[in-house]
Amino acid sequence: MTEKPAPTQYPVHELIRSRWSPRAYADRPVETDKLLSLLEAARWAPSSFNHQPWRFIIATKENPTEYNRLLSTLVEFNQGWAKNAPVLILAVAKLHFDDGKLNRHAFHDVGLALENLIIQATALGLSAHQIAGFQADQARKEYGIPSEYEPSTVITIGYVGDPQSLADGLRERELAPRIRKPLTEIVFAQKWENVSPILADSV
Ligand SMILES: Cc1cc2nc3c(=O)[nH]c(=O)nc-3n(C[C@H](O)[C@H](O)[C@H](O)COP(=O)(O)O)c2cc1C
């Protein structure tokens, strides 16, 4: 099994360190009780005003018609590898509160729910890979998603597979090191782009 633990600057929880986004999936279904745990983890994410603006449409390979319906919304590049994932989930954001006011944090909260789902997946030995490259309009039509909801992201879920199963190009990316901006580029204090003194030792 490919492992790509994050080379962190400071210690983090093992689940955060070991999570990564594979494109190679094993030909093995995900147990329904595990899927339910993932969705339960998503449900218990925090959200602005506890509005819980997340909705999910799920499709598994056990139902090829429904699986292909969701797969067909992905752009060609993503279909190329995502077609091996046993589970696809479309995450949808509810954009307004019940009083009609815009929820500026709807996508933020959907992201929180997805990270809960992904960390739970990691804890259960599963992996997930999020996808922005899909046709939101097509998804809206396929599922009759009302205009006050916005398709956000598709997530592939499954057990990690053999990188050798991937096409040229993707295989190399699967094995490439994981990289991040250093904390000194993203954590400021006092004014914009002024590196926080708590990072003094990192500068
Ligand atoms: C919202 C979102 C959209 C993404 N869209 C795509 C995508 O369309 N295709 C793809 O191959 N990877 C996609 N990714 C995966 C990222 O490229 C990946 O998370 C990033 O390179 C960091 O790698 P890691 O998750 O293994 O740490 C997406 C990730 C996120 C969070």
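So, H129: one of its polar side-chain atoms sits 2.8 Å from a nitrogen atom of the ligand. That makes a polar contact, meaning a pair of N or O atoms within 3.5 Å; within protein, one atom must be able to donate a hydrogen and the other to accept it, and residues adjacent in sequence count only if both atoms are side-chain atoms. R180 does something like it with an oxygen atom of the ligand, where a polar side-chain atom is 2.8 Å away. R19 also has a polar side-chain atom 2.9 Å from an oxygen atom of the ligand. How much of the ligand's accessible area does the protein cover? On its own the ligand has 620 Å², and the protein covers 63% of that. Those areas come from the Shrake-Rupley method with a 1.4 Å probe, and for residues only the protein chains shown count as cover.

Before I go on, a word on what you're looking at. This is a predicted model, where local features need pLDDT of at least 70 and side-chain atom pairs count only at pLDDT 80 or more, while totals for chains, interfaces and linings use all residues. Residues are numbered from 1 along each chain as its sequence is written, and side-chain values use heavy atoms, with hydrogens and water left out.

Back to the ligand. There are 14 residues around it, and S21, R23, H129, R178 and R180 come nearest. Near here means that a heavy atom of the residue lies within 4 Å of the molecule or strand. What classes of residue make up that shell? Five are nonpolar, five are polar and four are charged. For the classes, Ala, Val, Leu, Ile, Met, Phe, Trp, Tyr, Cys and Pro count as nonpolar, Asp, Glu, Lys and Arg as charged, and the others, Gly among them, as polar.

Now for a helix, α6, which covers residues 136–143. When I say helix, I mean a DSSP run of H or I with at least four residues; a strand is a run of E with at least two, and both are numbered from the N terminus. Which residues of α6 are buried? A136, A139 and R140. Buried means under 20% relative accessible area, exposed is over 50%, and partly exposed is in between, with a 1.4 Å probe and protein chains only. Those three are on the same side of α6, because they cover an arc of only 100° around the axis. The arc is that of the directions from the helix axis to the C-beta atoms. If you're wondering about the general rule, an α-helix has 3.6 residues a turn, so residues three or four places apart point the same way.

And the face of α6 turned away from the buried side? That one carries the exposed residues D137 and K141. The buried residues of α6 pack against β2 (87–94) and β4 (149–158), where contact means heavy atoms within 4.5 Å. Right after α6 comes G144, with a positive phi near 65°.

Helix α3, residues 64–71, has Y67, L70 and L71 buried. They too lie on the same side of their helix, because their arc around the axis is only 100°. What do they pack against? β1 (54–60), α4, β2 and α6.

Next, a single residue in a helix: L114, in α5 (residues 106–123). L114 is buried, at a relative accessible area of 2%. Leaving aside neighbours within four places in sequence, L114 is in contact with F56, A91, Q130, T153 and I155. Take A91: its C-alpha atom and that of L114 are separated by 8.1 Å, with their places 23 residues apart along the chain.

Then there's the loop between α2 (32–43) and β1, which holds N50 and also Q52. Most residues other than glycine have a negative phi, and most peptide bonds are trans. N50 has a positive phi, near 50°, and Q52 has a positive phi of about 50° although it is not a glycine. Are they exposed or buried? N50 counts as exposed, at 52% relative accessibility, and Q52 counts as partly exposed, at 30%.

Last stop, S165, in the loop between β4 and α7 (170–175). S165 is partly exposed, with a relative accessible area of 48%. Its side chain reaches the backbone oxygen of D162 at 2.6 Å. S165 and W81 are 84 residues apart along the chain, and their C-alpha atoms are separated by 9.5 Å.
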